[in-house]
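Q: Please take a close look at one part of this predicted model. I would like the disulfide and the strands around it, in one connected account.

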Amino acid sequence: QVQVVESGGGLVQAGGSLRLSCAASGSIFSISLMGWFRQAPGKERELVATINGAGSTKYGDSVKGRFTISRNNAKNTVYLQMNSMKPEDTAVYYCNAVDWGPGGPHHYWGQGTQVTVSS
């Protein structure tokens with residue numbers, strides 16, 4: 001089993017910055033893709049950013065140019081630097097890790113961390 005644990009959420013004023021961290025641990029075969037998703041009240045979960053083992057990244061349109069995802073492959077850790085934050089960034093942020101084992105890819109999710117941006 002793989003455990004995924006996020007940290008770094010909190011309250012920030014509009015225009016401010018926060019940094020989220022996420023670590024995958026446990027019986028890992030090979031973590032390929034890691035990423036962040038978020039869900040605001042009454043809305044569907046949406047992509048924030050993903051990064052693969054080679055460092056290729058993908059961002060949701062609403063965060064391009066403001067958020068940066070990075071990764072430490074040796075530690076199976078992913079980070080999300082959030083700058084120029086807006087009230088609409090308020091959501092629960094979830095970390096996702098894809099582990100490739102003998103049976104194929106398995107998706108693991110963290111418990112989520114609350115991010116609140118005040119106007």
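A: Two strands count as paired if DSSP finds at least two bridges between them. By that rule β3 and β8 pair: 6 bridges join them, and they run antiparallel. One facing pair is Ser 21 and Tyr 79, the latter in β8. The model is predicted, so residue positions here are computed ones.

Start with the disulfide. The structure holds 1. Its partners are Cys 22 and Cys 95, with sulfur atoms 2.0 Å apart. The angle about the S-S bond is -80°, and the link is left-handed. Cys 22 belongs to strand β3 and Cys 95 to strand β9, so the bond ties together parts that are 73 residues apart in sequence. Both cysteines are buried. A disulfide is a covalent bond between the sulfur atoms of two cysteines.

Now follow the β3 side. β3 sits in an open sheet of 4 strands, in the order β1-β3-β8-β7. The pairing is antiparallel. β1 and β7 are the edge strands, and each pairs on one side only. Neighbouring strands of this sheet are turned by 15° against each other on average, direction ignored.

Next, the β9 side. β9 is joined to β11 by 3 bridges, and the two run antiparallel. Ala 91 stands opposite Val 115 of β11. β11 also has 4 bridges to strand β2, residues 10–13, and that pair runs parallel. There, Gln 13 has Ser 118 of β11 as its bridge partner. Strands of a sheet pair through backbone hydrogen bonds, either parallel or antiparallel.

β11 has two faces. Thr 113, Val 115 and Val 117 make up the covered one. Gln 114, Thr 116 and Ser 118 make up the uncovered one.

Last, the core. The largest nonpolar core has 29 residues. Trp 36, Leu 80, Met 82 and Tyr 93 touch the most other members. Elements giving two or more residues to this core include β3 (18–26) and β9 (91–101), the two strands that hold the cysteines. β8 (77–82) and β11 (113–118) are also among them.

Which residues does Tyr 93 contact, leaving aside its neighbours within four places in sequence? Three core residues named above are in the set: Trp 36, Leu 80 and Met 82. Thr 113 and Val 115 are there too, and both lie on the covered face of β11. The others are Glu 6, Leu 20, Phe 37, Arg 38, Val 48, Phe 67 and Gly 112.

Methods:
Residues are numbered from 1 along each chain as its sequence is written. This is a predicted model: local features need pLDDT of at least 70, side-chain atom pairs count only at pLDDT 80 or more; totals for chains, interfaces and linings use all residues. Side-chain values use heavy atoms; hydrogens and water are left out. A nonpolar core is a set of buried Ala, Val, Leu, Ile, Met, Phe, Trp, Tyr and Cys residues joined through side-chain atoms within 4.5 Å. Buried means under 20% relative accessible area, exposed over 50%, partly exposed in between (1.4 Å probe, protein chains only). Contact means heavy atoms within 4.5 Å. A disulfide is a pair of cysteine sulfur atoms within 2.5 Å. Axes are lines fitted to C-alpha atoms, for helices over the stretch in contact, and angles run from 0 to 180 degrees between N-to-C directions.
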